[in-house]
Amino acid sequence: MKKTDPMRRRSRSAALLLLAACALAPGGAGAREEDRTSPGGMKYFLVVPADYDAERGAPLLAGLHGAGSSRENFRDACLPSLPAYRDAIWVIPDAPGETWSIPQDSSEIMGICRALREEFSVRWRGVVGFSAGGWAANHLASGFPEEWEAFVIAAAGLHEQIPLPREP
């Protein structure tokens with residue numbers, strides 16, 4: 001029988017948990033939304049579930065839009081289709097330019113997420129990216145693996161310089 005690397009098995013399990021959370025959680029009516037700006041100048045939406053309880057905590061999910069899109073588009077088009085919207089704390093940053101600039105934007109997004117972990121009780125962390133946001137999500141997940149339990153990449157190319165785990 002072929003042995004599977006425990007880190008790879010844990011990554012698969014975490015990704016499945018994130019997908020299950022997105023598929024099974026109820027809708028997002030009543031969530032609190034704040035328009036914020038990071039110390040580095042990155043604008044982002046913070047969406048906190050209406051029933052957030054600090055003792056219970058909540059997942060923290062970063063949502064990254066595609067090139068030429070915006071945080072408003074991600075919020076309006078993606079969140080209603082992701083039922084985890086109600087049960088998760090979402091941070092939805094806006095790319096400062098037409099698209100994400102790696103590694104500068106990665107550092108800024110990580111700073112936002114780390115600050116939110118200080119502000120809220122976070123059970124686990126995930127990043128969701130669409131198109132160029134998926135490319136940036138891939139960079140965040142592979143560049144900062146200790147920071148994320150799960151990631152979802154949709155409709156994105158993968159940059160050849162980003163190392164991905166391979167089967168032995």
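Start your tour in the middle: the largest nonpolar core has 26 residues, and those with the most contacts inside it are Leu 64, Val 91, Trp 100, Val 127, Leu 140 and Trp 148. Select these six and show their side chains. Who supplies this core? β2, β3, β4, α3 and α4 each give at least two of its residues. Keep in mind that you are looking at a predicted model.

**Stop 1: Trp 100 and a second core**

Click on Trp 100 next. Leaving out neighbours within four places in sequence, Trp 100 is in contact with a long list of residues, including Met 42, Leu 64, His 65, Pro 93, Ile 109 and Trp 135. Ala 132, Gly 133 and Ala 136 are also among the contacts of Trp 100. Apart from the core you started with lies another one, of 13 residues. To find it, select Val 47, Cys 78, Leu 82 and Trp 90, which are among its members.

**Stop 2: the sheet**

Now switch to a cartoon view and look at the strands. In what order do the six strands of the open sheet lie? Reading across, the order is β1-β2-β4-β3-β5-β6, and the pairing is mixed. Select residues 32-37 for β1 and 150-154 for β6: these are the edge strands, each pairing on one side only. If you turn the view, you can look for the twist: neighbouring strands of this sheet are turned by 20° against each other on average, direction ignored.

**Stop 3: strand β3 and its partners**

Select residues 58-64, which make up strand β3. Is β3 mostly covered or mostly open? It is mostly covered, with seven of its seven residues buried. On one side, β3 pairs with β5 (residues 122-130) in the parallel sense, over six bridges. Two pairs are good to pick out here: Leu 60 stands opposite Arg 125 in β5, and Gly 63 stands opposite Val 128 in β5. β3 also runs parallel to β4, and three bridges join the two. Pick Leu 61 to see one of these links: its bridge partner in β4 is Trp 90.

**Stop 4: the helices on the sheet**

Select residues 104-119 to light up helix α3. This helix lies across β1, β2, β3, β4 and β5, and runs at about 160° to β3. Then select residues 132-143, helix α4, which packs on the sheet and touches β3, β5 and β6. The direction of α4 makes about 140° with that of β5.

Stay with α4 for a moment. From its first C-alpha to its last, this helix of twelve residues reaches 16 Å, close to the 16 Å expected at 1.5 Å a residue. How many of its twelve residues are buried? The count is nine, so call α4 mostly covered, where buried means under 20% relative accessible area. Among the buried ones are Ala 132, Gly 133, Asn 138, His 139 and Leu 140. The buried residues of α4 pack against β3, α3, β5 and β6.

**Stop 5: His 139**

Zoom in on His 139, which is found in helix α4. Why is His 139 called buried? Its relative accessible area is 17%, and the cut-off for buried is under 20%. Now add Ser 106 to your selection: the side chains of His 139 and Ser 106 make a polar contact at 3.0 Å.

**Stop 6: details in the backbone**

Move to Pro 103, in the loop between β4 and α3. The peptide bond leading from Ile 102 to Pro 103 is cis, with omega near 15°.

Next, find Ser 131 in the loop between β5 and α4. Its phi is near 55°, a positive value in a residue other than glycine. Ser 131 is partly exposed, with a relative accessible area of 29%.

Then follow the chain to the segment after β6, where Ala 155 lies. Ala 155 has a positive phi of about 55°, although it is not a glycine. At 60% relative accessibility, Ala 155 counts as exposed.

**Last stop: Ser 121**

Finish in the loop between α3 and β5, where you will find Ser 121. Ser 121 counts as partly exposed, at 27% relative accessibility. Which residues does Ser 121 touch, not counting those up to four places away in sequence? They are Tyr 52, Ala 54, Gly 57 and Ala 58. The C-alpha atoms of Ser 121 and Ala 58 are separated by 6.6 Å, though the two are 63 residues apart along the chain. Finally, show the backbone of Ala 54: the side chain of Ser 121 reaches its oxygen at 3.1 Å.

Conventions: Residues numbered from 1 in each chain as written. Predicted model: local features only at pLDDT ≥ 70, side-chain atom pairs only at ≥ 80, totals over all residues. Heavy atoms only, no water. Pairing = 2+ DSSP bridges. Helix = DSSP H or I, 4+ residues; strand = E, 2+ residues; numbered from the N terminus. Axes fitted to C-alpha atoms, helices over the stretch in contact; angles between N-to-C directions. Contact = heavy atoms within 4.5 Å. Expected span 1.5 Å × (residues − 1). Buried < 20%, exposed > 50% of the residue type's maximum accessible area, 1.4 Å probe, protein only. Core = buried A, V, L, I, M, F, W, Y, C linked by side-chain atoms within 4.5 Å. Polar contact = N/O pair within 3.5 Å; in protein donor to acceptor, adjacent residues only side chain to side chain.
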